[in-house]
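Trainee: Could we go through this one together? I'd like to hear the reasoning behind each label.

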Amino acid sequence: MFSARAALRSSRAFSTSAAANTKVAVLGAAGGIGQPLSLLLKQNPLVTKLSLFDIRGAPGVAADVAHVNSNAEITEKKELDFLWKMVLAVLPWCGIWLHRWGESDLCGPRTTVGSTVCVGFAPENNGLEAALEGAEIVIIPAGMPRKPGMTRDDLFNSNASIIRDLTAAVAKVAPKAFLGIIANPVNSTVPITAEVFKAAGVYDAKRLFGITTLDVVRASMMSAQSVGDSSLADTVSIPVVGGHAGTTIVPLLSQASPALPASLFDDKEKLAALVKRIMFGGDEVVQAKDGSGSATLSMAYAAAVFTDALLKAKRGDKDIVQCTFVDSPLFADKGVPFFSSKVTLGPNGVETIHPLGEITPYEQELVEASLGDLAKQIQKGVSFIKK
């Protein structure tokens with residue numbers, strides 16, 4: 001998924017200083033999602049500094065992943081050294097010559113390969129703010145995992161205050177960072193984050209994302225299993241819209257690319273079973289782990305995929321499209337100001353929120369059915385801050 005690029009040549013005529021590098025902070029880095037996510041991000045060459053925070057254990061995680069022998073791309077901007085500045089002062093026409101060199105070894109940026117810097121922080125000595133200093137992307141997997149028998153109200157009561165406190169620090173220290181929320185229930189924790197940022201006067205809807213990529217990953221894998229074609233698992237792309245909880249998760253199987261077999265849509269029972277499995281994939285993992293946790297490894301993988309998309313968008317890559325839970329106009333008139341759909345990402349975050357497009361009557365029913373629960377869960381998050 002991640003690929004490194006060759007280092008560019010350096011020039012003796014110029015001195016260098018770091019530029020265009022990306023610091024990613026993970027809050028909750030020592031948890032079940034945070035540890036594998038930190039490992040995956042350490043292997044991403046676009047991450048030049050990895051800042052890890054947790055209430056305990058983050059320095060150890062940082063020391064551990066720092067031993068992984070992966071490198072980062074480090075872009076440096078070149079500045080004329082003292083000798084060249086003297087030459088230009090005496091012979092101004094040299095400036096014309098330098099200009100003609102354009103993006104050459106003398107004037108262009110240089111990319112070298114170096115090790116990602118990994119640093120861990122604990123709460124002591126203002127560690128949270130130190131971890132966030134200079135962060136351009138912040139990912140928050142912190143919070144309690146789901147356990148068998150736990151209701152979403154139970155999960156909300158455990159995680160709402162954690163998200164409130166962590167995002168308040170982000171709003172203070174790194175308000176312009178891209179902020180990805182993993183902590184559940186995402187349908188409520190993203191609105192909590194928005195209200196925290198609004199209260200701080202720094203809210204930018206384009207930079208806040210609920211990470212729903214796991215639903216997309218599951219849709220691909222489970223669809224491949226359902227139709228008996230394992231080759232589809234890592235090739236088929238299926239938009240998943242709505243929210244990130246139960247029936248608010250709506251896979252648009254009719255928009256799969258490449259298209260799924262027509263026989264799937266002809267068999268209504270099989271189709272409904274697949275949709276239900278995608279909606280409640282989290283329950284499948286919770287039950288299989290038998291009380292020891294929820295989806296952590298697959299969530300870490302999905303979060304790494306989404307973070308990679310943010311890194312590429314920030315770098316200026318084009319056509320970066322992901323499904324993500326954002327401040328959206330699509331169903332705002334129905335009391336649903338946040339909604340997950342396909343979003344084009346750019347250097348400043350959200351560039352385009354795409355409409356759902358053509359969907360089947362069955363999918364339309366699922367979308368309509370999701371809106372009531374979504375509205376309640378979003379409002380619950382808003383009310384938690386405004387109470």
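Trainee: Which residues line the largest cavity?

Mentor: Pro175, Ala177, Leu179, Thr193, Ala194, Phe197, Tyr203, Asp204, Arg207 and Leu208. Keep in mind that this is a predicted model, where local features need pLDDT of at least 70, side-chain atom pairs count only at pLDDT 80 or more, and totals for chains, interfaces and linings use all residues. Residues are numbered from 1 along each chain as its sequence is written, and side-chain values use heavy atoms, with hydrogens and water left out.

Trainee: What makes a space a cavity, and what makes a residue part of its lining?

Mentor: On a 1 Å grid over the protein atoms alone, a cavity is a set of points where a 1.4 Å probe fits but cannot get out, and a lining residue has an atom within 4 Å of a point. The volume is the space filled by probe spheres set on the points, with grid points joined across faces, edges and corners. For the largest cavity that comes to about 60 Å³. Helix H7 (residues 186-200) gives the largest share of its lining, three residues.

Trainee: How is the lining of the largest cavity divided by class?

Mentor: Seven nonpolar, one polar and two charged. Ala, Val, Leu, Ile, Met, Phe, Trp, Tyr, Cys and Pro count as nonpolar, Asp, Glu, Lys and Arg as charged, and the others, Gly among them, as polar.

Trainee: How many cavities of 30 Å³ or more does a search of the whole structure find?

Mentor: Two. The second largest holds about 40 Å³, and its lining is Pro239, Val241, Leu252, Gln255, Ser341, Lys342, His354, Pro355 and Leu356. By class, that lining has five nonpolar, three polar and one charged.

Trainee: Back to H7. Why is Glu195 called buried?

Mentor: Buried means under 20% relative accessible area, exposed over 50%, and partly exposed in between, with a 1.4 Å probe and protein chains only. Glu195 has a relative accessible area of 10%, so it's buried. Glu195 lies in helix H7 and, leaving aside residues up to four places away in sequence, touches Val382, Ile385 and Lys386. Touching here is a contact, meaning heavy atoms within 4.5 Å.

Trainee: What makes a run of residues a helix or a strand?

Mentor: Both are DSSP runs numbered from the N terminus: a helix is H or I over at least four residues, a strand E over at least two. The protein has 13 helices and 14 strands.

Trainee: How do you know that the length of H10 agrees with what's expected?

Mentor: The expected span is 1.5 Å times one less than the number of residues. For the twelve residues of H10 (residues 268-279) that gives 16 Å, and the end C-alpha atoms are 16 Å apart, so the two agree.

Trainee: Which residues of H10 are buried, and why say they line one face?

Mentor: Leu271, Leu274, Val275, Ile278 and Met279 are the buried ones. Seen down the axis of H10, they fall within an arc of 135°, so they line one face of the helix. That arc is taken from the directions from the helix axis to the C-beta atoms. On the other side of H10, Glu269 and Lys276 are exposed. The buried residues of H10 pack against helix H8 (213-227), strand E11 (249-251), helix H9 (262-266), helix H11 (281-289) and helix H13 (361-386).

Trainee: What about H11: which residues are buried there?

Mentor: Gly281, Gly282 and Val286. Their arc, seen down the axis of H11, is within 140°, so they too line one face. Gln287 and Ala288, on the other side of H11, are exposed. H8 and H10 are among what covers the buried residues of H11. Just after H11, Asp290 has a positive phi of about 55°.

Trainee: What makes a space a pocket rather than a cavity?

Mentor: A pocket is an open set of points with protein on both sides within 12 Å along at least five of seven lines. The largest pocket has a volume of about 880 Å³. Its lining has 46 residues, and Ile33, Gly143, Met144, Pro145 and Ser294 are the closest to its centre. Helix H6 (152-173), H8 and H11 each give two or more residues to that lining, with H6 providing the largest share, five.

Trainee: And what is the volume of the second largest pocket?

Mentor: About 750 Å³. Of its 26 lining residues, Val216, Ser237, Val305, Val321 and Gln322 lie nearest its centre.
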